[in-house]
Amino acid sequence: MLLAICMPALMAQELPAQPIWQVPDEGFVWKPLLSPEGPMVIVVSLKEQRARVYRNGVLIGVSKVSTGKAGHETPTGVFTILEKHREHYSNRYDNAPMPFMQRLTWDGVALHAGNVPSYPASHGCIRLPYLFSEALFGVTTRGMTVVVSDQATPPTVVYPGLFTREPAATVVRSEAEETFLWIPERSPDGPVTLVLSSRDREIIVLRNAVEIGRSPVEMSDDLIKGTRVYSLLHGSSSQPSAVVPGRPALRWLALSLESEAGTSPPDLREWTASGRLRIDPIFASLVYDVLVPGTSLIVTDEAIEPDRPTAAVAPILQAEQGDIERDKLPGR
């Protein structure tokens, strides 16, 4: 039996207004001391040809970028950093140097230092100014989230609180009635990603790019439009949680791949209160226990099945292909 889970309403962000930095001639601004600790996310806007770096929800860097030119467009979507090499050379393009390479896909898309004109000029990679690429390389980690979007919508801090603890004693059922999959021992540690798809009416949990959980979700038709990405921050809100007594609400950085600028994140609490979104409460409780700062939540109307993922979520689902022969991987 699926039961509705309550979710706190989205609240206004508590952080100060993010700075609007003018990028100087050297092509970037880098101020890591504005937020010395916390989970990081990189947001690349193809429309603006800019990369923005957030640490614990605070903007700490902005840089010019040069993405894929016509015929070699950089794909949009939600990626993780798969591997890092301080010195790397392209296997595809005449051994071209790719300093401070941070791989986003196994077929050759990466962040790296290179020539950065004021327009798309690469073969699909995201080129960064050398000094910015070096500084970024020094603070990123494998598994962290990189969002590549056509939009220029700035992130906001919200409190969607998708998963909450539900006392198991309130739900009585036999093991045979269990409708979800939960095998956390498949991947005991590593970065966590959640993908909720209205097309598949399922939610999956990936840890270190390995599926550890899956559950059906009941929702109204056409409830979710486009793709919204959330990144869990350190700390909590000053507001109490609406669903976990004595616990503060969690803080998430809300991003968008497709929504128009100014569009508010969906009100998840209203969805559940009205019965338009329902998920197994025991599964929700299990997921809650594995949430860590840096967890990514993708809410999308695209498919998540591995044999038919679409652009926004395919990079996440295909990240586990890392056991292929690394020395044959192409570079760009």
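Below, a biologist and a modeller talk through this predicted model.

Modeller: Two ground rules before we start: residues are numbered from 1 along each chain as its sequence is written, and side-chain values use heavy atoms, with hydrogens and water left out. As this is a predicted model, local features need pLDDT of at least 70 and side-chain atom pairs count only at pLDDT 80 or more, while totals for chains, interfaces and linings use all residues.

Biologist: How many strands are there in the chain?

Modeller: Helices (H or I, at least four residues) and strands (E, at least two) are DSSP runs, numbered from the N terminus. On that basis the chain has four helices, and its strands number 19.

Biologist: What is the strand order in the open sheet of six strands?

Modeller: Two strands pair if DSSP finds at least two bridges between them. The pairing here is mixed, and strand 1 (28-30) and strand 5 are the edges, each pairing on one side only. The order is 1-4-3-2-10-5.

Biologist: In which sense do strand 5 and strand 10 pair?

Modeller: Strands of a sheet pair through backbone hydrogen bonds, either parallel or antiparallel. Within strand 10 (residues 145-149), valine 148 is the bridge partner of glycine 77, and threonine 145 is that of threonine 80. With four bridges between them, the sense for strands 5 and 10 is antiparallel.

Biologist: Which residues of strand 5 point the other way from Gly77 and Phe79?

Modeller: In a regular strand the side chains alternate between the two faces of the sheet. Gly77 and Phe79 go one way, and the residues on both sides are buried, meaning under 20% relative accessible area (exposed is over 50%, partly exposed in between; 1.4 Å probe, protein chains only). One of those opposite counts as buried because its relative accessibility is 0%, namely valine 78. The residues pointing the other way are Val78 and Thr80.

Biologist: Why do the buried residues of helix 1 sit on the same side?

Modeller: Phe132, Ser133, Leu136 and Phe137 are the buried residues in helix 1. An α-helix has 3.6 residues a turn, so residues three or four places apart point the same way. The arc is taken from the directions from the helix axis to the C-beta atoms. They share a side of helix 1 because the arc they cover around the axis is only 135 degrees.

Biologist: Is serine 133 buried or exposed, then?

Modeller: Serine 133 belongs to helix 1 (residues 130-137). Contact means heavy atoms within 4.5 Å, and leaving aside neighbours within four places in sequence, serine 133 is in contact with Pro99, Phe100, His112, Ala113 and Leu128. A polar atom of its side chain lies 3.3 Å from the backbone nitrogen of alanine 113. Because its relative accessibility is 0%, serine 133 counts as buried.

Biologist: Which residues touch the most other members of the largest nonpolar core?

Modeller: A nonpolar core is a set of buried Ala, Val, Leu, Ile, Met, Phe, Trp, Tyr and Cys residues joined through side-chain atoms within 4.5 Å. This one has 25 residues, and among the elements giving two or more of them are strand 14 (202-207) and helix 3 (281-288). Valine 205 touches Trp182 and Phe283, among others. The residues touching the most other members are Trp182, Val205 and Phe283.

Biologist: What share of the 332 residues counts as buried?

Modeller: In soluble globular proteins, nonpolar side chains tend to be buried together. Over the whole chain of 332 residues, the buried share is 54%.

Methods
A polar contact is a pair of N or O atoms within 3.5 Å; within protein, one must be able to donate a hydrogen and the other to accept it, and residues adjacent in sequence count only if both atoms are side-chain atoms.
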